[in-house]
Amino acid sequence: MHEISICNALLDRIEAERNTRTFSRVRRVRIEIGQFSCVEPDALRYAFELMTRGSLIEGATLELDRPPGRATCLACGAEVEVASRTDLCPACRTGALRVTGGDGMRFVEMEVS
Ligand SMILES: [Zn+2]
């Protein structure tokens, strides 16, 4: 399941953070999941809840940002934000788009204590 691997990547990231500073609890985690990414936010929250149970992350709030996808128009070269991979270029209305971002997970910040 896609949500599990995203969650694993997130937990790795938090673990790496622990090597740079000391904290005993994670209160809140904020990540970005691009709109092109086929992730079910509810499934991701559920996976996060299960996978952090019994750890110092248990009970942390998971905040999800869904930034729009980014793409370059193959016809006019415009760099645009789009909600769907199959959209036509909003600038020239004709061109097909090449996706350049918005399909991954990005760790934004977290609050610890
Ligand atoms: Zn265009």
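Two strands count as paired if DSSP finds at least two bridges between them. With that in hand, let's work through some exercises on this predicted model.

**Exercise 1. Work out which strands make up the open sheet and where its edges lie.**

Step 1. Start with the strand order: the open sheet has three strands in the order 2-1-6, and its pairing is mixed.

Step 2. Next, look for strands that pair on one side only: these are strand 2 (61–65) and strand 6 (105–112), the edge strands.

Step 3. Finally, check the turn between neighbours. Direction ignored, neighbouring strands of this sheet are turned by 20 degrees against each other on average.

**Exercise 2. Find the sense in which strand 1 pairs with strand 6 and with strand 2, and name partners for isoleucine 31.**

Step 1. A reminder helps here: strands of a sheet pair through backbone hydrogen bonds, either parallel or antiparallel.

Step 2. Take strand 6 to begin with. Strand 1 (residues 26–33) runs antiparallel to strand 6, and seven bridges join the two.

Step 3. Now place residues along that pairing. Isoleucine 31 has phenylalanine 107 of strand 6 as its bridge partner, while arginine 30 is opposite glutamate 109 in strand 6.

Step 4. Turn to strand 2. Five bridges link strand 1 and strand 2, here in the parallel sense. On this side, isoleucine 31 stands opposite leucine 64.

Step 5. Ask how the chain links these parallel strands: strand 1, helix 2 and strand 2 form a β-α-β unit, and this unit is right-handed.

**Exercise 3. Describe how helix 1 packs against helix 2, and classify the angle.**

Step 1. Read off the geometry: helix 1 (residues 2–18) and helix 2 (residues 41–51) pack at an angle of about 50 degrees, and their axes are 9 Å apart.

Step 2. Classify the angle. Helix 1 is therefore oblique to helix 2, because angles under 35 degrees count as roughly parallel and 65 to 115 as roughly perpendicular.

Step 3. Add the hand: helix 1 and helix 2 cross in a right-handed way.

Step 4. List the residues in contact. Helix 1 contributes Glu3, Ile4, Ile6, Cys7 and Leu11, and helix 2 contributes Ala43, Leu44, Ala47, Phe48 and Met51.

Step 5. Sort them by class: the contact of helix 1 with helix 2 has nine nonpolar, no polar and one charged residues.

**Exercise 4. Locate helix 1 relative to the sheet strands.**

Step 1. Find the strands beneath the question: helix 1 lies across strand 1 and strand 6.

Step 2. Give the direction: helix 1 runs at about 50 degrees to strand 6.

Methods:
Residues numbered from 1 in each chain as written. Predicted model: local features only at pLDDT ≥ 70, side-chain atom pairs only at ≥ 80, totals over all residues. Axes fitted to C-alpha atoms, helices over the stretch in contact; angles between N-to-C directions. Helix = DSSP H or I, 4+ residues; strand = E, 2+ residues; numbered from the N terminus. Parallel < 35°, antiparallel > 145°, perpendicular 65-115°, else oblique. Left-handed = near helix turned anticlockwise from the far one by under 90°. Contact = placed C-beta atoms within 7 Å. Nonpolar A, V, L, I, M, F, W, Y, C, P; charged D, E, K, R; others polar. Right-handed = clockwise from strand over helix to strand, strands pointing away.
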